[in-house]
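Colleague: Please take a close look at a single part of this model and describe in detail how its strands and side chains are arranged. I should like the criteria behind each term to be given along the way.

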Amino acid sequence: MTVQRLFPTLVYRGRLKQTGWRTFNSRLLRECQQLHLDDAGGRRWSAKNYPGGYTSYNSANRMHQVSPTFAELQRRLNRHVRSFAASLELDLAQRQLTMTDCWVNIMPRQVVHGLHLHPLSTISGTYYVKTPKGCAGLKFEDPRLERFMAAPPRRADSRPDNRPWVTLPAEAGTLVLFESWLRHEVPPNPVSAERISISFNYSWF
């Protein structure tokens with residue numbers, strides 16, 4: 001008798017670059033912080049929709065088109081997206097995936113990013129710019145969770161692929177990629193230092 005694993009949910013995690021990433025990361029950090037200072041519209045939107053934190057999602061969400069530093073980030077991300085797409089066995093013979101959105105997130109203490117997905121995109125992801133020790137990770141939800149019926153809880157030592165929730169730690173210089181339909185959240189940041197990340201979408205359309 002065999003047990004097959006069907007319909008896997010794949011999540012990709014990798015380093016932006018093994019050597020020399022700190023210098024580039026410092027450039028990104030400066031631009032993220034400067035954008036926060038300059039983006040009055042984004043701060044107003046965040047005050048209503050992202051309490052306590054800042055995101056350029058509604059104001060400056062194509063940073064790869066306006067900043068050479070973010071354009072370089074896109075170039076460095078592209079190879080990772082291609083590798084993840086190959087793991088997913090996506091047929092991209094007729095059209096390639098293209099970055100459509102790229103924005104900044106700054107999460108001070110106790111700021112939370114609620115459960116959501118990224119509609120109208122194919123692959124989404126996050127690159128971690130600044131991750132103080134003990135800051136919140138990225139929490140993924142089992143996409144089948146709403147269909148569980150009369151299911152007992154999972155054992156505490158169950159494998160990650162059998163758990164209803166899995167949290168991947170946030171680490172500066174690291175990127176995480178996932179299919180855009182996969183719901184995820186960032187729990188409240190428990191530390192006083194800011195957690196800074198750059199989120200992005202790639203689309204096939």
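Modeller: The account below begins with the sheet and then turns to charged and aromatic side chains.

The model is predicted, and local features are therefore reported at pLDDT of at least 70 and side-chain atom pairs at pLDDT 80 or more, while totals for chains, interfaces and linings use all residues. Residues are numbered from 1 along each chain as its sequence is written, and side-chain values use heavy atoms, with hydrogens and water left out.

The part in question is an open sheet of four strands, arranged in the order β4-β9-β6-β7 with antiparallel pairing. Its edges are β4 (113-116) and β7 (165-168), each of which pairs on one side only. From one strand to the next the twist averages 20°; the axes are lines fitted to C-alpha atoms (for helices, over the stretch in contact), and angles run from 0 to 180 degrees between N-to-C directions. Strands here are DSSP runs of E with at least two residues, helices are runs of H or I with at least four, and both are numbered from the N terminus. Two strands count as paired if DSSP finds at least two bridges between them.

Within this sheet, β6 and β9 (residues 184-186) run antiparallel and are joined by two bridges. Across this pairing, Phe-140 stands opposite His-184 of β9. Strand β9 also holds Glu-185, which has a relative accessible area of 17% and is therefore buried. The accessibility classes are buried for under 20% relative accessible area, exposed for over 50%, and partly exposed in between, with a 1.4 Å probe and protein chains only. Beyond its neighbours within four places in sequence, Glu-185 is in contact with His-113, Gly-114, Leu-115, Gly-137, Leu-138, Lys-139 and Trp-165, contact meaning heavy atoms within 4.5 Å.

Past β9, the loop that leads to β10 (195-203) contains Glu-194. With a relative accessible area of 25%, Glu-194 is partly exposed. Setting aside neighbours within four places in sequence, Glu-194 touches Ile-106, Met-107, Pro-108, Lys-130 and Pro-132.

Charged side chains also meet at this sheet. A search of the whole structure finds 11 salt bridges, each defined as a side-chain nitrogen of Lys or Arg within 4 Å of a carboxyl oxygen of Asp or Glu. One of them joins Glu-141 and Arg-183, with N and O 2.8 Å apart. Since Glu-141 belongs to β6 and Arg-183 to the loop between β8 and β9, this salt bridge ties together parts that are 42 residues apart in sequence. Glu-141 is buried, at a relative accessible area of 10%, whereas Arg-183, at 33%, is partly exposed.

Two further salt bridges can be set beside this one. Asp-157 and Arg-155 form a salt bridge with an N to O distance of 2.9 Å, and both residues are exposed. In the salt bridge of Asp-161 and Arg-159 the N to O distance is 3.3 Å. Asp-161 is partly exposed at 40% relative accessible area, and Arg-159 falls in that class at 43%. Arg-159 and Asp-161 also belong, together with Arg-5, to a network of salt bridges.

The aromatic side chains complete the picture. A pair of aromatic rings is described by the distance of the centres and the angle of the planes. The whole structure contains six aromatic pairs. For Trp-45 and Tyr-57 the ring centres are 6.3 Å apart and the planes stand at 45°, so this pair is tilted. Trp-45 lies in helix α2 (residues 40-49) and Tyr-57 in the loop between β2 (54-55) and α3 (63-66), 12 residues apart. Returning to the sheet, the rings of Phe-140 and Phe-178 have centres 5.2 Å apart and planes at 70°, so they are edge-to-face. Phe-140 sits in β6 (residues 138-141) and Phe-178 in β8 (residues 174-179), so this pair connects parts 38 residues apart in sequence. Both Phe-140 and Phe-178 are buried. The criterion covers rings of Phe, Tyr and Trp (its six-membered ring) with centres within 6.5 Å; planes under 30 degrees apart are stacked, over 60 edge-to-face, and the rest tilted.

In brief, β6 carries Phe-140, with its ring partner in β8, and Glu-141, with its salt-bridge partner in the loop between β8 and β9.
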